[in-house]
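Here are some short exercises to work through with the model open on your screen. Try each task before you read its solution.

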Amino acid sequence: MIRSTAAQMADALAKGETTSVELTQAHLDRIAAVDGQVKAFLHVDSAGALAQAKDVDARRAKGEKLSPIAGIPLALKDVLAQKGVPTTAGSKILQGWLPPYDSTVVSKLKAAGVVIMGKTNMDEFAMGSSTENSGYGPTFNPWDLTRTPGGSSGGSAAAVSAFEAPLAIGSDTGGSIRQPAALTGIVGVRPTYGAVSRFGLIAYSSSLDQAGPFGRTVLDTALLHEVMAGHDPKDATSINAPVPAVVAAAKSGDVKGMKIGVIKQLQGEGYQKGVQTRFDESLQVLASLGAEIVEVDCPSFEYALAAYYLIAPSECSSNLARFDAMRYGLRTGDVDGASAEAVMSATRDAGFGREVKRRIILGTYALSSGYYDAYYGSAQKIRTLIIQDYAKAFTKADVLVSPTAPTTAYKIGEKVDDPMAMYLGDVATIPVNLAGICGMSLPAGLADEDNLPVGFQIMAPAMQDQRLYQVGAALEAALLTKWGAPILSKAPELKGAK
């Protein structure tokens, strides 16, 4: 049951072949059996999940009209506020915080009858690419428990890959949905910026952060995408426009006559041979389905990584100033009449991890008097050039493509002391966030060198998210025929699994 797709589970629920309570309990049992090894979850809300499932079953029994994924279990990244459920953003500074409200994404999930099983591990405040920066320890890749699942949404990706949840939600600031999806052999989508409400999403970099879906198939992510997305008056950056028809696009999956642009700067040198090989093979598959493959030039992408690591830390420096020990969260050093400044300093020192401190210091420096124009201002100019490069490229192609990540999953600890090596893992995903467009990663196969998953990235213009699903579904179906079985069927079984 737990190895079915979310769409298959939804069909079984609609036909009365199973119940949401049975489905939820099966996944809770799986979590109990394998999460001691994977460590995808920070908090499992068994009682709350079963109560939600029971409510959906009762509504279904009454004949109520339900959403297509009502009763399907889901894993929620711990960056989204859920009323009464511990929400930490992977940081000790928020340990034990129980939000008094639901984020808009959680409200939409509840309204749709999706069963939220618990909160997943993540790099602290979404700052990282491996989930090793979590204040609560790393998550491990189900394909190889000595390797990272990617990040910062590594817990959500690992939960789906390990069959602990059929669906999950992550957030993507510079690739934090797409990169872990690639490294764990699943599908992950970063919707257009503003298409999914950020109300209740604990901010890292407000102009870049975007919540999005994980699933094991393109259709599964589309079903979750339609539930999550939509205008929200509580979010000033929310787009007031209809949600693109992503489910219909995922069901059509026709690329005949479409132009697919290969970005010259996002392949070749620096990309693992096995990653490049699977990417090239996927292009051949799309060409065989009737798509026209063209090469596009995006010269400003060369500076995307540098621009991102000035803009994102600058915004995090501002956003994280609210964690001051005065209002909520951790409070230390409040002894012997200590001043507010001393308490604040002690709390932030104890509560923030090394990577968060690094980015706060970098961002504060970039925004400081005398350096603003030289660093932050220059980075914003690069951002404009990247937006222009995308606009030009989309006049030549319907979608753009690249490998999702330059390598497969690397060993835990391999890059933890080399921040630049870690940052380079996002080189192909960051431009999407800087431009505010949408992107998807789906499995392209396994690399020859290590038999680990490779991700294929698809990019589309803002609010044209349906193009991702159209191309993704076509490629997925063709690859499935070629492989004969889903990619996750080739993953080694975890110890103790039932």
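**Exercise 1. Work out what sort of surface the protein shows.**

Solution. Keep in mind that this is a predicted model. Start with the accessible surface of the protein, which is about 18100 Å². Carbon and sulfur atoms own 54% of that surface. Then look at the charges: there are 46 positive and 50 negative ones, and their mean positions lie 3 Å apart.

**Exercise 2. Check the overall size against what a compact globule would give.**

Solution. First, take the chain length, 498 residues. For that length, a compact globule would have a radius of gyration near 23 Å. The protein comes out at 21 Å, which agrees. Next, the box: along the principal axes, the C-alpha atoms fill roughly 70 × 55 × 45 Å. Now for the inside: 60% of the 498 residues are buried. Finally, take the contacts with a separation of 6 or more; 76% of them join residues 24 or more positions apart. The secondary structure behind all this amounts to 16 helices and 11 strands.

**Exercise 3. Test whether the length of helix α16 fits its residue count, then see what follows the helix.**

Solution. Helix α16 covers residues 465-483, which is 19 residues. At 1.5 Å a residue, the expected span is 27 Å. The end C-alpha atoms are 27 Å apart, so expectation and model agree. Which residues of α16 are buried? Among them are D465, L468, Y469, V471 and L479. Just after α16 comes G484, with a positive phi of about 90 degrees.

**Exercise 4. Decide whether S129 is buried or exposed, and list what it touches.**

Solution. Find S129 in the loop between β3 (115-120) and α5 (154-161). Its relative accessible area is 0%; buried means under 20%, so S129 is buried. Now skip the neighbours within four places in sequence and see what is left: S129 is in contact with D123, T148, G150, G151, Q179, Y410, M422 and D426.

**Exercise 5. Place P443 in the fold and find its contacts.**

Solution. P443 sits in strand β10 (residues 438-446). With a relative accessible area of 11%, P443 is buried too. Leaving out neighbours within four places in sequence, its contacts are G185, I186, V187, V454, L479, W483 and I487. L479 should ring a bell, as one of the buried residues of α16. For a last step, compare P443 with P149: they are 294 residues apart in sequence, and their C-alpha atoms are 14 Å apart in space.

Note on methods
Residues are numbered from 1 along each chain as its sequence is written. This is a predicted model: local features need pLDDT of at least 70, side-chain atom pairs count only at pLDDT 80 or more; totals for chains, interfaces and linings use all residues. Side-chain values use heavy atoms; hydrogens and water are left out. Helices (H or I, at least four residues) and strands (E, at least two) are DSSP runs, numbered from the N terminus. The radius of gyration is taken over C-alpha atoms; the globule rule is 2.2 Å times the number of residues to the power 0.38. Buried means under 20% relative accessible area, exposed over 50%, partly exposed in between (1.4 Å probe, protein chains only). Contact means heavy atoms within 4.5 Å. Accessible areas come from the Shrake-Rupley method with a 1.4 Å probe; for residues, only the protein chains shown count as cover. Lys and Arg count as positive and Asp and Glu as negative; His and the chain ends are not counted. The place of a charge is taken as NZ of Lys, CZ of Arg, CG of Asp or CD of Glu. The expected span of a helix is 1.5 Å times one less than its number of residues.
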